[in-house]
Amino acid sequence: MSARRMLTGTFLGLGALLMTTSVLAPAAGAQAAAPERAAAPVPVTALNCDGNTYKCTANLQYGDGRWVADWAVNVYHQGVASQSSSVRSAAAPVPVTGLSCDGNTYKCTAKLQYGDGRWVADWAVNVYHQGVASQSSSVRSAAAPVPVTGLTCDGNTYKCTANLQYGDGKWVADWKVNVYHQG
């Protein structure tokens with residue numbers, strides 16, 4: 001068999017396989033209980049937090065665009081007074097305008113586009129270096145808080161990971177999330 005026929009046969013076979021998987025993919029993606037089929041990790045396209053449900057929701061760049069990750073958060077006002085009960089009356093959900101994570105407190109904080117701009121959501125995270133060595137104790141010396149430069153979520157591990165603007169760029173924060181299809 002010539003090399004040209006072998007390549008043509010290979011491309012035709014791959015094309016048929018691709019067409020078969022693209023026909024089956026929407027049916028598999030429509031199942032709410034199949035997040036493990038999601039590519040891992042995938043970028044976050046939007047992030048909103050909700051003062052009524054005390055959750056943040058990340059829209060994932062995957063499939064039909066209706067895959068999301070969510071997790072529990074604390075929502076409060078950074079004002080002089082203590083946490084206000086008016087958080088329950090906050091518009092829900094509201095966009096996140098800034099995101100930073102802190103290696104000293106092991107928390108990420110999202111600034112919320114609501115009211116006077118001093119409403120935030122925060123949650124506990126793991127902070128570590130993605131280098132060859134295991135988690136370094138120098139995480140405690142990290143400037144706090146530091147901006148997030150990228151955010152991805154993973155339907156296989158059920159975690160979101162934030163790349164942190166610190167040091168050599170290999171510092172990250174991650175936390176557990178629920179991943180599901182909004183169908």
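**Exercise 1. In this predicted model, decide whether C108 is buried or exposed, and describe the disulfide in which C108 takes part.**

Step 1. The relative accessibility of C108 is 0%, so this cysteine counts as buried, the cut-off for that class being under 20%.

Step 2. The partner of C108 is C101, and the two sulfur atoms lie 2.0 Å apart, which is within the 2.5 Å that a disulfide requires.

Step 3. C101 is buried as well, with a relative accessible area of 1%, and the link of C101 and C108 is right-handed, with 95 degrees about the S-S bond.

**Exercise 2. Find how many disulfides there are, and state what the pairing is when the bonded cysteines are numbered in sequence order.**

Step 1. The count comes to three disulfides; beside the link of C101 and C108, C49 is joined to C56 with their sulfur atoms 1.9 Å apart, and C153 is joined to C160 at an S to S distance of 2.0 Å.

Step 2. The link of C49 and C56 is right-handed, with 95 degrees about the S-S bond, and the torsion in the disulfide of C153 and C160 is about 95 degrees, so that one is right-handed too.

Step 3. C49 and C56 are both buried, C153 is buried with a relative accessible area of 1%, and C160 is buried at 0%.

Step 4. In sequence order, the pairing of the bonded cysteines reads 1-2, 3-4, 5-6.

**Exercise 3. Find how many salt bridges the whole structure holds, and work out which strands the pairs K55 with D70 and K159 with D174 tie together.**

Step 1. A search of the whole structure gives three salt bridges.

Step 2. The side chains of K55 and D70 meet at 3.8 Å, N to O; because K55 belongs to strand β2 (residues 55-60) and D70 to strand β3 (residues 67-72), this pair ties together parts that are 15 residues apart in sequence.

Step 3. K159 and D174 form a salt bridge at 3.9 Å, N to O; K159 is in strand β10 (residues 159-164) and D174 in strand β11 (residues 171-176), so parts 15 residues apart in sequence are again tied together.

Step 4. As for accessibility, K55 is partly exposed at 33% whereas D70 is buried at 4%, and K159 is partly exposed at 29% whereas D174 is buried at 5%.

How values were computed:
Residues numbered from 1 in each chain as written. Predicted model: local features only at pLDDT ≥ 70, side-chain atom pairs only at ≥ 80, totals over all residues. Heavy atoms only, no water. Salt bridge = Lys/Arg side-chain N within 4 Å of Asp/Glu carboxyl O. Helix = DSSP H or I, 4+ residues; strand = E, 2+ residues; numbered from the N terminus. Buried < 20%, exposed > 50% of the residue type's maximum accessible area, 1.4 Å probe, protein only.
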